[in-house]
Amino acid sequence: MLSHPIPPLYDEHSKILILGSFPSVKSREQQFFYGHKQNRFWRVMAQVLACAVPETVEQKRKMLLSHHIAVWDVIASCEITGSSDASIRDVTPNDLHLILDSADIRMICTNGGKAYQLYQKYIYPLNGREAVSLPSTSPANAGYSLERLVEAWGTIRKAL
């Protein structure tokens, strides 16, 4: 059983919450979200927010918080093989009240189908808040080009 090692990124000004499923091996090693070089999250968000692509963890934090975006994951702990969402089992969800009670979250988005499925199963019944399912930025989602991801994730820009 693995426990989520990364605290949520948010502040009282956060308006949009983006939820992944569970941190990848690389993200767990780096102790920050979307740490695998091939994950397109940071490139997508930079284009959506019209910013330079952040390189350091501090730049990544600053980019998201300055645009009122919070990031965390649906899962607090689970069994997982490597970084494979398909292998996730024995899920304990994160308690989103930590964020929802202290920030004016107007939109919840999930990064990929697995995060959305887990949100619907474990969190939606508790908070009744709808989530928007966005296509995964993972390199495993090879069917989506960077351009298609930016277009789909543009819904975030519209919500800001």
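Hi everyone, let's begin with a single residue: Gln30 is partly exposed, because its relative accessible area is 40%, and partly exposed covers the range between under 20% for buried and over 50% for exposed. Please keep in mind that this is a predicted model. Gln30 sits in helix H1, which covers residues 25-30. If you look across from there, you will find Val57: the two are 27 residues apart in sequence, and their C-alpha atoms are 8.9 Å apart in space.

Now let's step back to the whole chain. How many helices and strands does the protein have? There are six helices and seven strands. Reading along the sequence, you meet them in the pattern β-β-α-α-α-β-β-β-α-β-α-β-α.

What about overall dimensions? The C-alpha atoms fill a box of roughly 40 × 35 × 25 Å along the principal axes. For 160 residues, a compact globule would have a radius of gyration near 15 Å, and the protein has 14 Å, so the two agree. Among contacts with a separation of 6 or more, 64% join residues 24 or more positions apart.

On to the surface. The protein exposes about 7,900 Å², with carbon and sulfur atoms supplying 51% of that. As for charge, there are 17 positive and 15 negative side chains, and the centres of the two sets lie 6 Å apart.

Let's go inside. Buried residues make up 47% of the 160. In soluble globular proteins, nonpolar side chains tend to be buried together. Here, the largest nonpolar core has 48 residues, and the ones touching the most other members are Ile18, Phe41, Met45, Leu64, Ile69, Trp153 and Ile156. Helix H2, residues 41-48, gives the most to this core, with six residues.

So which residues of H2 are buried? They are Phe41, Trp42, Val44, Met45, Ala46 and Val48. That is six of its eight residues, and H2 is mostly covered. The cover over those buried residues includes strand E2 (16-20), helix H3 (57-66), strand E3 (69-73), strand E6 (107-111) and helix H6 (146-159). Just after the helix, look for Ala50, which follows H2 and has a positive phi, near 55°.

One last stop: Ile156, one of those core residues with the most partners. Setting aside neighbours within four places in sequence, Ile156 is in contact with Ile16, Ile18, Met45, Val48, Ile69, Cys109 and Leu134. Thanks for listening!

Note on methods: Residues numbered from 1 in each chain as written. Predicted model: local features only at pLDDT ≥ 70, side-chain atom pairs only at ≥ 80, totals over all residues. Heavy atoms only, no water. Helix = DSSP H or I, 4+ residues; strand = E, 2+ residues; numbered from the N terminus. Rg over C-alpha atoms; globule rule 2.2 N^0.38 Å. Buried < 20%, exposed > 50% of the residue type's maximum accessible area, 1.4 Å probe, protein only. Contact = heavy atoms within 4.5 Å. Areas by Shrake-Rupley, 256 points an atom, 1.4 Å probe, with all protein chains shown as cover. Lys, Arg positive; Asp, Glu negative; His and termini not counted. Charge placed at Lys NZ, Arg CZ, Asp CG, Glu CD. Core = buried A, V, L, I, M, F, W, Y, C linked by side-chain atoms within 4.5 Å.
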